[in-house]
Amino acid sequence: MELRKLIHDLYGVDQPQGCTDGEIAAMKAVFGEIPAVLEEFYRTLGHTRELRVNQDEWAFPEDFQRWKHLTQSDHLLLLCENQGVCRAEIRREDLSLPDPPVYTQMEDGDPWLLSAPTTSEFLEAALTYEAIWQLKYSTEEYYWLTGEELAVVRSKLAKRPAVLKNWMDLEITFYSSRPDNLVVVMDAGDHYEVLYGGTAQESYAALLEVMEGLGQPL
């Protein structure tokens, strides 16, 4: 999916703000080069306010100027969980690739796990996931779904192509009935946790036609 459309549909942003040439040049001075896909992300969305009030924290070019320890890693940080217990990064050795894979790590010393085979796929999946915290109309708590209830969701809603793997030990998939609503399904291995919402009352109501009565609040 084109990220501008995703940001428009789920974040309500019509005019995203990007990083400057100078900020991109400073980033390249630190890392030598950055992937073309990541540069486009920075240039298109790097100063968009709605991306700076998420559940988790994106790393943007100015952060690498502000926090020098980020430049000393053998990875380039993309996204950090709000309590710092999980982070998504690109291996420094892969920065010459136009669209490199993205890996996650829970704690220092833990193994790096593949989150997405390309940066573009990671950006789409992570931006979709972070959108659930932005939606004006949404569930106030997580719901626990059985496999049978998830089958109902899968049969009645369209699955989005993005998948966020190995984020907080979860595999996260997404479903919608229209571009401006979203169901987030978090597969924890032995159960499914769900959040859902929409940008407007009518888009949320469209989801309730499927979701109402499914699951138990956690």
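Me: Where is the place of Asp63?

Reply: Asp63 sits in helix α4 (residues 61–66). Helices here are DSSP runs of H or I with at least four residues, strands are E runs of at least two, and both are numbered from the N terminus. A word on the basis: this is a predicted model, in which local features need pLDDT of at least 70, side-chain atom pairs count only at pLDDT 80 or more, and totals for chains, interfaces and linings use all residues. Residues are numbered from 1 along each chain as its sequence is written, and side-chain values use heavy atoms, with hydrogens and water left out.

Me: Is Asp63 buried or exposed?

Reply: Buried means under 20% relative accessible area, exposed over 50%, and partly exposed in between (1.4 Å probe, protein chains only). Asp63 has 13% relative accessibility, so Asp63 counts as buried.

Me: Which residues does Asp63 touch, not counting residues up to four places away in sequence?

Reply: Contact means heavy atoms within 4.5 Å. With that sequence limit, Asp63 touches Trp58 and Leu70. Closer along the chain, a polar atom of the Asp63 side chain lies 2.8 Å from the backbone nitrogen of Phe60.

Me: Now the sheet, please. What order do the strands have?

Reply: Strands of a sheet pair through backbone hydrogen bonds, either parallel or antiparallel. Two strands count as paired if DSSP finds at least two bridges between them. Here the open sheet of 5 strands runs β1-β2-β3-β4-β5, with antiparallel pairing. Its edge strands are β1 (57–58) and β5, each pairing on one side only.

Me: How many bridges link β4 and strand β5?

Reply: β4 and β5 (residues 113–116) pair over 3 bridges. Val102 has Ala116 as its bridge partner in β5, and Thr104 stands opposite Leu113. Strand β3 (residues 87–91) also pairs with β4 over 3 bridges, and there Ala88 stands opposite Thr104.

Me: Which residues of strand β4 lie on each side?

Reply: In a regular strand the side chains alternate between the two faces of the sheet. In β4 (residues 102–105), Val102 and Thr104 are on one side, with Tyr103 and Gln105 on the other; all are buried, and both faces are covered.

Me: One last feature: how many disulfides are there?

Reply: A disulfide is a pair of cysteine sulfur atoms within 2.5 Å. By this rule the count is 0. For Cys19, the nearest cysteine sulfur is that of Cys80, 18 Å away. Cys19 is buried, at 8% relative accessible area.

Me: Why is the sulfur of Cys80 without a bond?

Reply: Because the closest cysteine sulfur, in Cys86, is 8.2 Å away, too far for a bond. Cys80 counts as partly exposed, at 22% relative accessibility.

Methods. A polar contact is a pair of N or O atoms within 3.5 Å; within protein, one must be able to donate a hydrogen and the other to accept it, and residues adjacent in sequence count only if both atoms are side-chain atoms.
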